[in-house]
Each structure stands twice: as C-alpha cells, then as structure tokens.
Amino acid sequence: MAESVARAGCALLKALLRFAFMVANNAVAIPSYVLYLLALQPLRLLDSARFWHLEGVLFKWLLAMVASWGWWAGYTVVEWGDDVKAVSEDEAVVLVNHQATGDVCTLMMCLQDKGTVVRHMMWLMDHIFKYTNFGIVSLIHGDFFIRQGRAHRDQQLGLLKEHLEKYYRSRNRKWIVLFPEGGFLRKRRETSQAFAKKNNLPFLKHVTLPRLGATEVILKTLVPKQENGTIASGNTVIKESKSKGLQWVIDTTIAYPKGEPIDIQTWILGYRQPTVTHVHYRVFPIKDVPAEPEALAHWLYQRFIEKEDLLTHFYETGAFPPLQGQTKAVSRAMTLSNLWLVGIQSFAFLSGGMWYCIFQYFYHCLF
C-alpha cells in the first residue's frame, strides 16, 4: 500500500514539474517567436522569401519543443511503409486519420527529421485550435482553421480556396496536412457507420469515412491544370511561382498500441508509461488521383478502407503488413537529437531573457 502511494506521489510530482516546464516554455517561446517576426518586418518588405525562410526555421523549432515534451517522456515513433524523405522537397497533401489531440503532436515529432518539411508545411485544423496558446503562431505561419458543420460548409470551402491562393505559394509552402475525417474517431464513428449503411459502403471500426470538400478544394487549387502538356492559362498561382504544383498524396495512418490514443494532456503531463506510436505512409503520384468529384470520392473512400485493413492487421499482430512486392514489413525508428532539443530549448529561454532585458531597458528610458 505504501509503495503504491509513493509511486502515485512520484507520478504526480513528475506531472506537476512537467506542466510547470511546459508553461514556462510557452511563456518564453511563443512571445519570442512573435517578437522576432515583428523585429524582422523590414526584411519582409525588402525580401519576403528570406523573411518566410526565417519564420519557417523558428516555426520548426517551436514544433520541436512540443515534440520534446513527448520524446523525453518516452513517447517515441516507429515508421512503416514508404520513405517520405524521398519526396520531402516536393509539394504534397498529407491525409491523416484522427483519433485524439495527440495525433498532431505525433506528426510534429515524426516530421522533424524529414528535411525542410516542417518549415514549409501548412496545417488544416479545427477552428477551436485558433484559441489555444499555439493559435497565434499558426495564424502568423498561415495555417487554416476550418469550422465544421454543414451550415458552414460552402463558406469554409470558399475561404480555404482563397487562403491557398493567397498564402500557399507566396510563403513557399510544400506539404499541406489535413484530417479528412473531420473529427475524432470516437465522436464520428457512429455517424459514419450510419452513413455507410445507408449508402452501401463498408462498415469501419478503426477509422471513419472521410469528408471530401477540403481535399477536393486543395487538389483543384494546387494541382496544375494541363492543356496540351502545358499549365492552363487560368492557373495564375502556378505560373507566377514557377511551381510544379502538387505532386504527391501521402496517405498517413497513425496507430497506437491496443488502440489507445495519446491525448495532449498525456503528452504534456507524461503520466502514461513510455509508448511507441506507429505511423504508416503510402505515397501516391498525383497523376493517379482522379479529379472528377465522384471518382475522387471513391478514391478517398478506398484510402480509408485500406486504413481500416492496415489498422486491423496492426491490432491483431502488432505490426503493419508489408508493402506490395515485399515479403516482410520493414519498420524504421525515428530519432531526435537530445543535444539539438536542449539547444533549441536553451535558445527559447535565452530569447525570453533577452526580450525581458530589452523591455526593461526601454521602460527605464521612458519612465
């Protein structure tokens, strides 16, 4: 009995210390990000590309700080399937299943070692995240907050199209990440299963059928239209940026042992035992993705039916199945450098101290 109480006490103390560190981390890192970018506004006028390059570096460091909270708690990632590093410099849309708030943290971690991806990525997320502590960062970076619900659908899709045309290539974005299910598995499963039954679609337990609107808008806006092998004259965003356009769809499946997802509270407080999250990738050339709405809907449904099969296999065996043409599935443990993580955390706290001294100096000069 005494031993159990001692363990519980240690776990509580650890959680409180982690929470205090996270609060302090946010208190210095997020304001420092904002202040650095305010100080760099003259550069934005003179050299916009350089400004957004520096913003991307700071953005990656912020996401690495979030990743470090899980990494140091023993929440690591093993990757399966295609090696997405091969397409890290190309434009891609990333389709991810959604089980809990920890999915975002998992992606923040496992994309850190994918070249410049994190610096150049754009997130599509529920509008509620705009009001979190990280909301100001995402707003500055140019992520898109989408309001769910049929009543807002047409308006939101129109706003998404405008957002992509205004910010995606002007800020040199490359990967765009979205969760097509439109919500957490536990909240949408029953509705999705009812829809599947009504429309003679497969019964899914581990994922829900995707919503189509955002994916369709992204593909229509970012994939170059071809006329006799050349980019269509109406697609001015592509022409002006000299971009090849969207080249890949990366179908990403996140699996947690025993189907027990990690939420953001666990990620922060670290009260769960060390856990390995498994992430599976399949890369599809954009030429293989149909543009016509009905065919695209069928294609997207097939991706989530495949996710169901992948997750069923994982929960039964503890591993994902091999790719087509392989006899054995090969996994890759992604790693983060503790020295690098300590370095960026130190930079955040030193920056906080620097900005405090600057404000103190001007305060004393003025008053």
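## Helix α12

Helix α12 has 29 residues and spans 42 Å from its first C-alpha to its last, close to the 42 Å expected at 1.5 Å a residue. The model is a predicted one. Buried positions in α12 are Leu 341, Ile 344, Gln 345, Ala 348, Ser 351, Gly 352 and Trp 355. An α-helix has 3.6 residues a turn, so residues three or four places apart point the same way.

## Aromatic pairs

The count of aromatic pairs comes to 11. In one of them, the ring centres of Phe 21 and Phe 349 are 5.9 Å apart and the planes stand at 45°, so this pair is tilted. Phe 21 belongs to helix α1 (residues 2-39) and Phe 349 to helix α12 (residues 338-366), so the pair ties together parts that are 328 residues apart in sequence. Phe 21 has a relative accessible area of 33% and is partly exposed. Phe 349, at 32% relative accessibility, also counts as partly exposed.

Trp 61 and Phe 347 form another pair, with ring centres 5.2 Å apart and planes at 75°, so the arrangement is edge-to-face. This pair links distant parts of the chain, since Trp 61 is in helix α3 (residues 48-71) and Phe 347 is in helix α12, 286 residues apart. The relative accessible area of Trp 61 is 27%, which makes Trp 61 partly exposed, because partly exposed covers values between the 20% limit for buried and the 50% limit for exposed. Phe 347 is partly exposed as well, with a value of 32%. Trp 61 and Phe 347 join Tyr 36 and Trp 355 in one aromatic cluster. Of the cluster members, Trp 355 is among the buried residues of α12.

## Charges over rings and Lys 307

Two cases of a charged side chain over an aromatic ring are described here. The charged end of Arg 303 sits over the ring of Trp 299, 4.6 Å from the ring centre. Lys 307 lies over the face of Phe 304, at 5.3 Å from the centre of that ring.

Lys 307 is in helix α11 (residues 293-317). The relative accessible area of Lys 307 is 0%, and the residue is buried. Leaving aside residues up to four places away in sequence, Lys 307 touches Leu 95, Val 96, Asn 97, Val 207, Asp 251, Thr 252 and Thr 253.

## Packing of α6 and α8

Two packed helices are described by the angle between their axes and the distance between the axes. For helix α6 (residues 153-168) and helix α8 (residues 213-222), the axes come within 10 Å and cross at roughly 35°. The crossing of α6 and α8 is right-handed.

On the α6 side, the contact residues are Arg 153, Leu 157, Leu 160, Lys 161, Leu 164, Glu 165 and Tyr 168. They meet Gly 213, Ala 214, Val 217, Ile 218, Thr 221 and Leu 222 in α8.

## Ile 140 and its contacts

Ile 140 is placed in helix α5 (residues 135-141). At 24% relative accessibility, Ile 140 counts as partly exposed. The contacts of Ile 140, not counting residues up to four places away in sequence, are Tyr 33, Val 34, Leu 37, Trp 52 and Arg 171. Between Ile 140 and Tyr 33, which are 107 residues apart along the chain, the C-alpha separation is 9.8 Å.

## Loop residues

Lys 244 lies in the loop between α9 (236-241) and β8 (248-255). With a relative accessible area of 65%, Lys 244 is exposed. Lys 244 and Pro 31 are 213 residues apart in sequence, and their C-alpha atoms are 36 Å apart in space.

Most residues other than glycine have a negative phi, and most peptide bonds are trans. Asn 200 has a positive phi of about 60° although it is not a glycine. Asn 200 is in the loop between α7 (185-198) and α8, and is exposed at 71% relative accessible area. Lys 258, not a glycine either, has a positive phi of about 60°. The location of Lys 258 is the loop between β8 and α10 (264-269), and at 76% relative accessibility Lys 258 counts as exposed.

Definitions and conventions
Residues are numbered from 1 along each chain as its sequence is written. This is a predicted model: local features need pLDDT of at least 70, side-chain atom pairs count only at pLDDT 80 or more; totals for chains, interfaces and linings use all residues. Side-chain values use heavy atoms; hydrogens and water are left out. Rings of Phe, Tyr and Trp (its six-membered ring) pair if their centres lie within 6.5 Å; planes under 30 degrees apart count as stacked, over 60 as edge-to-face and the rest as tilted. Helices (H or I, at least four residues) and strands (E, at least two) are DSSP runs, numbered from the N terminus. Buried means under 20% relative accessible area, exposed over 50%, partly exposed in between (1.4 Å probe, protein chains only). A charge sits over a ring if NZ of Lys or CZ of Arg is within 6 Å of the ring centre and within 35 degrees of the ring normal. The expected span of a helix is 1.5 Å times one less than its number of residues. Axes are lines fitted to C-alpha atoms, for helices over the stretch in contact, and angles run from 0 to 180 degrees between N-to-C directions. A crossing is left-handed if the near helix is turned anticlockwise from the far one by less than a right angle, and right-handed if clockwise. Contact means heavy atoms within 4.5 Å.
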